[in-house]
Each structure stands twice: as structure tokens, then as C-alpha cells.
Amino acid sequence: MASLAERSRRAVWHPCTQMKRLEDEPPLAIVRADGPWLHDDHGRRYLDAVSSWWVNLFGHNHPAMREALLAQFERVDHVMLAGLTHEPVVELSERLGALTGLGHAFYGSDGASATEIALKMSAHSWRNLGRPGKCEFVGLVGGYHGETVGALSVTDIALFREAYAPLVRLSAALPSPDARAAESGEDAITHARRCAAALEAYLAEHHERTAALIVEPLVQCAAGFAMHDPEYLRLARALCDRFDVHLICDEIAVGFGRTGTLFAHSQAGIRPDFICLSKGLTGGVLPLSAVLTTDAVYASFWDDRASRGFLHSHSYTGNALACRAALTVLDLFERDDVLVRNEHTARRLDALLEPISRHHAVRNARRLGMIWAFDIESDRPGFSGAYHRAALDQGLLLRPIGQTLYFMPPYVLDDDALAHLAGGALRALDAALAT
Ligand SMILES: *Cc1c(COP(=O)(O)O)cnc(C)c1O
């Protein structure tokens, strides 16, 4: 019998992967996952220090999650949400509304579909208000909002977009407030203001055609964990108000406590017109995304004519099991005082990561909440792949983005896991630089 890895290589088209590479580097076959640990079919264990692509919050196989999902499965597994409703979707919508001040939750299954929903809702809302010319979008340099054709129009990452450029209606990408790009003598806040001035100039010229600005609040993760001062979000909010442009906050990666607050935008004290949620929404166990918006946007669709309604749908919209998982996540945040506990965890890990922060090859060591990032200065070609392999040797699942090493671990790291992460990451760094 061929190994799982070999069968996978033949039968599965893996995401974000040049399949030819799997000939030399077969995928890890995971046979068991519990807490922050993944166990492969060779009996080795790996710390899931990237939260299985930024989705997992409370570790794998969490007892509360298992119990809640089994109980939900016995009542309602999935029913269509057009013309029907059920308790988990109602309660989740009520609780997300109470937490964000935005409501009317609309559901999809992935982050990219949340982006699509927000873009469509924004432009359709302006059309319903008699302003059909407002149908373009604007994003930031390095922005990432998913990879479906519509989402690619606001995703500014060449590697993901180039092959599809002819299919995509590209949006403008404005200067990112990435604090690392501050000019010498400039601090992060001054840099944020300069980038907001570029936004102002753009909107002054294009506001009549612009439906929405879409941003990843505080951290552009896929761009290599570019972090910015909340001042940018405050100024962007004011400019969007002034020019009648919606502000879409894509909290797909940064929501649910990653930046230290439940949602990142609240650190700027602003209220967006749309919030996109996914990834941590279900604690990383089932696919679900949600878009929340204002009463004003909702009211612009309220009409006797079907064509003025938001007729978008996905088969699994509002899946009951996924909504139950999301409710369990919200319960755990309340029950376990997660944000406060994370502050302690983060400070403990900061101390353990000192040798990496001070490492001769490391630049721009930075942290926000439970996200750590380090830019590695090295001439070594293919640093990311070399680090990934060196980390596996240390029992760590880590995949640097280009030259940026980052940790985005689940929130359930005990002392053993913290020491394993910090020690292994340092040894992997020296090993990767030496090869
Ligand atoms: C991952 C991500 C998306 C896309 O979510 P998928 O579920 O992968 O489609 C969108 N925006 C941000 C900020 C993300 O990190």
C-alpha cells in the first residue's frame, strides 16, 4: 500500500503548491491533532505555530468544541437559509451584532467569499441609492483579500494575481502605512498620516467612481506582517465619511483576538461600514465567513422589488454546525478570559524569543497581540523553504512569507509548548542560514 503522502500526491491538488515540488517534499500526513500539536503517520509531533493557516484559536480537538458540535449534529446539521432559519445562525448573528455594533450578518463559507459579498453589497447599495457610478474599489499596496476572481481585484500580491490579470478588473492600490516603510526620522504615526494624505488625494479625484476602500486593519498579514499605526484607520474613516465611500475592514486574519483586542479596528476607535470575518470565526474547525454591515446599507436594499434585494447566495450559507462552532468560540472567549490570558502568554513568549529578536540576521522584530514577525536578512536563495524544512526537523510547523519569519500560534500554549516554539525556532533559524 502506498503511503498517505504518496496517494495524496497522486489524487489531491494541493493549494498554494507547485505540485512538482511534492516529488521531493511529500506532504506531511497528519493522523491526529490535539491542542497545538499535530501528529504525523511516522509518530512525530509538530507544534502548529501557524494555527493551520491562521484559523485555529483554541487548539485542535477542543473538548468544548467537540461536545457542542456533537450536540448540534443531533438537532440540526444543515438546512438551506433561504426561507428557513435555525437557532445557531440567529444567536450567532445577534451576538456578532452586539460585539461589533454592525448587524444583518450575511454568511459565506470562506474568506474570499466574504470579500466578494462586501464588494457586491457596497456597489449594489450605491446603485440602489441612485449612484450606480460608484462601482470601483480601492485597496492598499500588498493588500490580500482572497483569491477568487473578484477578490483578486483588490488583492495586490503579484504572485497570486499575475497569471489571472486579464480576468481581473484591477483596483487601485494606494501606499500602505506599513511602519517599516517610514522614511528616516519619520515615526509610524507620521508615516500613517503621509499615507492617509495619498488616500485623500486619490479620493478627491475618484470619489464619484469609488464604492469602497478595503483594508486589513493593523496588520497586512499576507504582505509579510506589515503593521501600521491605528492613526491610519482613524484618518481613513474620516476620509471615507467625507467622500461618501464605504470602509470595509477585512478582519479575516486579524479578528478574534489576534491583535490583542477581539477585533483589530476597535483599537482605532472607529466603526467600519462592513466587517469581513472568517478564519478564527469557527476556531478553525469548520469553514464559515460572515459580513456585517450598517443599518444604512441594509436599508438601501429594503424594497418591494426583488432586484433591489441582495440576491447573492451560497449553498452552505449559515451552516448550522459551523455557526455552532462560532458560538462555541464566543463562549470560550467569555468563559476563559482569553484576551487577558493571551497578554500573559505573549509576554512569556516575548522573553523566550529575545535571542531571535537580537539575532544578527533579524531586522524589524515586531509583535502585536498574538502575532510575532521578524524580517530575516540573508542572501540565501529560498530562505522560506529552507526554514520550513529546518523547522520541521525541530518539530515545528512554520512557513515564513518570503524573508519574514512569523508566529501566529493557537492561544493554548503551555510552558512546554512555549519553550518548544522559542528554542526550535532559533535552532531552525541558524540551521536555515547555514545551509
Ligand atoms: C486568508 C485571508 C482571506 C481569504 O480567506 P480564504 O478563506 O482563504 O478565502 C482574505 N483576507 C485576509 C486578510 C486573509 O488573511
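The expected span of a helix is 1.5 Å times one less than its number of residues. In this predicted model, helix H3 covers residues 63–75. Helix H3 has 13 residues, and the distance from its first C-alpha to its last is 19 Å, close to the 18 Å expected.

Four residues of H3 are listed as buried: Met65, Ala68, Leu69 and Gln72. They lie on the same side of H3, because they cover an arc of only 95° around the axis. This buried side packs against two other helices, H4 (87–100) and H11 (320–335). On the face of H3 turned away from the buried side, the exposed residues are Glu67, Leu70 and Glu74.

Helix H4, one of the packing partners of H3, also contains a salt bridge between Arg95 and Glu91. The closest N and O atoms of Arg95 and Glu91 are 3.2 Å apart. The two residues are separated by four positions in H4, about one turn of the helix. Arg95 has a relative accessibility of 18% and therefore counts as buried, the cut-off for buried being under 20%. Glu91, at 24%, counts as partly exposed.

The structure holds 31 salt bridges. Among them is the pair formed by Arg209 and Glu136, with the closest N and O atoms 3.2 Å apart. This pair links distant parts of the chain, the two residues being 73 residues apart. Arg209 is in the loop between helix H8 (188–206) and strand E7 (210–215), whereas Glu136 belongs to strand E5 (residues 136–140). Both ends of the bridge count as partly exposed, Arg209 at 40% relative accessibility and Glu136 at 25%.

A further salt bridge joins Asp156 to Arg161, where the closest N and O atoms are 3.6 Å apart. Asp156 is partly exposed, with a relative accessible area of 23%, while Arg161 counts as buried at 13% relative accessibility. Elsewhere, Glu6, Arg9, Arg10 and Glu23 are joined into one network by salt bridges that share partners.

The surface also carries a nonpolar patch, formed by Val149, Tyr164 and Leu167. Together these three residues have about 300 Å² of accessible area. Val149 is located in helix H6 (residues 149–152). With a relative accessible area of 43%, Val149 is partly exposed; residues in such a patch have over 30% relative accessible area, so Val149 meets that cut-off.

How values were computed:
Residues numbered from 1 in each chain as written. Predicted model: local features only at pLDDT ≥ 70, side-chain atom pairs only at ≥ 80, totals over all residues. Heavy atoms only, no water. Buried < 20%, exposed > 50% of the residue type's maximum accessible area, 1.4 Å probe, protein only. Arc of directions from axis to C-beta. Contact = heavy atoms within 4.5 Å. Patch = residues over 30% accessible without salt bridge, like charges linked within 9 Å, V, L, I, M, F, W, Y side chains within 5 Å. Areas by Shrake-Rupley, 256 points an atom, 1.4 Å probe, with all protein chains shown as cover. Salt bridge = Lys/Arg side-chain N within 4 Å of Asp/Glu carboxyl O.
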